[in-house]
Amino acid sequence: MSAPRTLSIAHLSALEATPLELIDGAARAGLNAVGLRIIAPRPGDVVAQVAGNPRAIRDLKAELSARDVRLNDIEAIILREETDLSQFEAALVAGAELGARHVVVNMYIDDLQRAAERFAELCVLLAQYDLNAALEFVPLSLLKTLDGALSILDSARQPNGKLLVDALHLSRSGGHPRDLAKVAPELFAFAHLCDAPLKQPRVEDLPTETRQQRLLPGDGELWLDAFVAALPPMLPIGIEAPSLTTAGLPVAETVAMNAAAARRVLGLPEPQL
């Protein structure tokens with residue numbers, strides 16, 4: 001029997017959850033992976049205190065093993081011209097110890113050639129920990145489009161430089177699932193799944209939509225069937241649907257709602273728990 005598709009809950013879907021709560025919610029919902037935010041994307045952002053914390057790493061490693069849940073990814077590195085890559089090493093050590101495969105990377109360097117050079121430097125560092133750099137284009141960042149991300153990946157030419165494609169970001173960048181046909185299957189790291197109205201929000205409303213007003217998969221109007229069909233078979237899927245409507249719910253309930261919605265879109269049966 002082939003291994004099941006990796007179906008993960010992204011930490012942003014329940015950002016108030018501790019890592020242990022997120023793992024518990026994933027296991028209860030029949031998910032086989034989680035993504036953990038252990039690197040602060042912006043100064044002052046609250047993240048789980050895992051990096052440089054041997055006790056937390058030991059406890060998480062034991063819980064992941066006991067609940068048969070994998071760590072798909074850690075996030076998020078914001079890459080700027082002046083970024084000191086050494087600041088991330090403690091988080092990379094933790095991610096590698098916990099079995100992560102990917103590190104989410106957002107780009108804040110406008111010049112694509114310089115962005116590719118810095119991204120290549122980061123890839124070399126991550127390779128020391130057997131981690132992929134999952135480059136995510138985000139309309140709120142300075143890397144706004146799929147074509148921009150592919151240009152950086154092509155110029156950097158690093159074997160662990162990969163693409164993370166998010167359904168919302170593809171839509172809000174003016175893209176469509178048909179655009180993914182230009183991506184070599186081996187270039188994908190994983191994909192983020194959520195839903196939204198098809199109509200583009202005002203530019204000033206995009207940050208709020210991105211961080212607080214996504215819809216569960218299947219509850220909006222995005223072309224999710226075409227999106228999933230355009231991805232390589234069995235590509236890992238992370239459910240990233242942060243919403244104020246689920247923010248006050250127990251973590252396990254939030255994760256269960258995300259998992260059930262994603263399974264309906266993916267055509268997967270409910271697990272027998």
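**Exercise 1. A backbone oddity at Met234**

Find Met234 in the loop between helix 8 and strand 8, then work out what its backbone and its exposure look like in this predicted model.

*Solution.* Start with the backbone angle: Met234 has a positive phi of about 70 degrees, although it is not a glycine. For background, most residues other than glycine have a negative phi. Next, turn to the surface. Met234 has a relative accessibility of 46%, so it counts as partly exposed, since that class runs between 20% and 50%.

**Exercise 2. A second loop residue to compare**

Locate Asp130 and decide whether it is buried or exposed.

*Solution.* First, the location: Asp130 sits in the loop between helix 4 (112-127) and strand 5 (132-136). Second, the backbone: its phi is positive, about 60 degrees, and Asp130 is not a glycine either. Third, the surface: a relative accessible area of 56% makes Asp130 exposed, because the cut-off for that class is over 50%.

**Exercise 3. An unusual peptide bond**

Examine the peptide bond from Glu75 to Ala76 and say whether it is cis or trans.

*Solution.* Look at omega for this bond: it is near -5 degrees, and the bond is cis. Ala76 belongs to strand 3. As a reminder, most peptide bonds are trans. While you are looking at strand 3 (70-79), note that it supplies at least two residues of the lining of the largest pocket; we return to that pocket in Exercise 7.

**Exercise 4. The surroundings of His102**

Place His102 in the fold and list what it touches beyond its sequence neighbours.

*Solution.* Step one: His102 lies in strand 4. Step two: its relative accessibility is 7%, so His102 counts as buried, given that buried means under 20%. Step three: leaving aside neighbours within four places in sequence, the contacts of His102 are Asn72, Asp73, Ile74, Leu131, Asn132, Ala134, Ala189 and Phe190. Step four: take one of these partners, Ala134. It is 32 residues from His102 in sequence, yet their C-alpha atoms are 6.0 Å apart in space.

For practice, repeat the steps with Thr83, which is in the loop between strand 3 and helix 3 (89-97). At 9% relative accessibility, Thr83 is buried as well. Not counting residues up to four places away, Thr83 touches Ile78, Phe88 and Arg118.

**Exercise 5. Helix 9 from end to end**

Test whether the length of helix 9 fits its residue count, then find what covers its buried residues.

*Solution.* Begin with the length. Helix 9 covers residues 251-266, 16 in number, and at 1.5 Å a residue it should span 22 Å. Its end C-alpha atoms are 22 Å apart, so expectation and model agree.

Now the burial. The buried residues of helix 9 include Val251, Val255, Asn258, Ala262 and Leu266. In general, an α-helix has 3.6 residues a turn, so residues three or four places apart point the same way. Elements covering the buried residues of helix 9 include strand 1 (7-9), helix 1 (19-28), strand 7 (188-193), helix 8 (224-230) and strand 8 (237-239). Finally, step past the end of the helix: Gly267 follows, with a positive phi near 70 degrees.

**Exercise 6. Helix 5 and its partners**

Which elements do the buried residues of helix 5 pack against?

*Solution.* Collect the buried residues of helix 5 (residues 146-156) first: Leu146, Gly148, Ala149, Leu150, Ile152, Leu153 and Ala156. Then trace their packing, which is against strand 4, helix 4, strand 5 and strand 6 (161-166). Just after helix 5, Arg157 takes a positive phi of about 50 degrees.

**Exercise 7. The largest pocket**

Describe the volume and lining of the largest pocket.

*Solution.* The volume is about 580 Å³. Of the 34 lining residues, Leu12, Arg37, Arg42, Thr210 and Arg211 are the closest to the centre. Sorted by type, the lining has 14 nonpolar, 10 polar and 10 charged residues. Alongside strand 3, both strand 4 (102-107) and helix 7 (206-212) each supply at least two lining residues.

**Exercise 8. The whole chain**

Check whether the radius of gyration of the protein chain agrees with that of a compact globule.

*Solution.* For 273 residues, a compact globule would have a radius of gyration near 19 Å; the chain has 17 Å, which agrees. The secondary structure comes to nine helices and eight strands, and 55% of the residues count as buried.

Terms used
Residues numbered from 1 in each chain as written. Predicted model: local features only at pLDDT ≥ 70, side-chain atom pairs only at ≥ 80, totals over all residues. Heavy atoms only, no water. 1 Å grid on protein atoms, 1.4 Å probe; cavity = no way out; pocket = protein on both sides within 12 Å on 5 of 7 lines; lining within 4 Å. Points joined across faces, edges and corners; volume = space filled by probe spheres on them. Helix = DSSP H or I, 4+ residues; strand = E, 2+ residues; numbered from the N terminus. Nonpolar A, V, L, I, M, F, W, Y, C, P; charged D, E, K, R; others polar. Expected span 1.5 Å × (residues − 1). Buried < 20%, exposed > 50% of the residue type's maximum accessible area, 1.4 Å probe, protein only. Contact = heavy atoms within 4.5 Å. Rg over C-alpha atoms; globule rule 2.2 N^0.38 Å.
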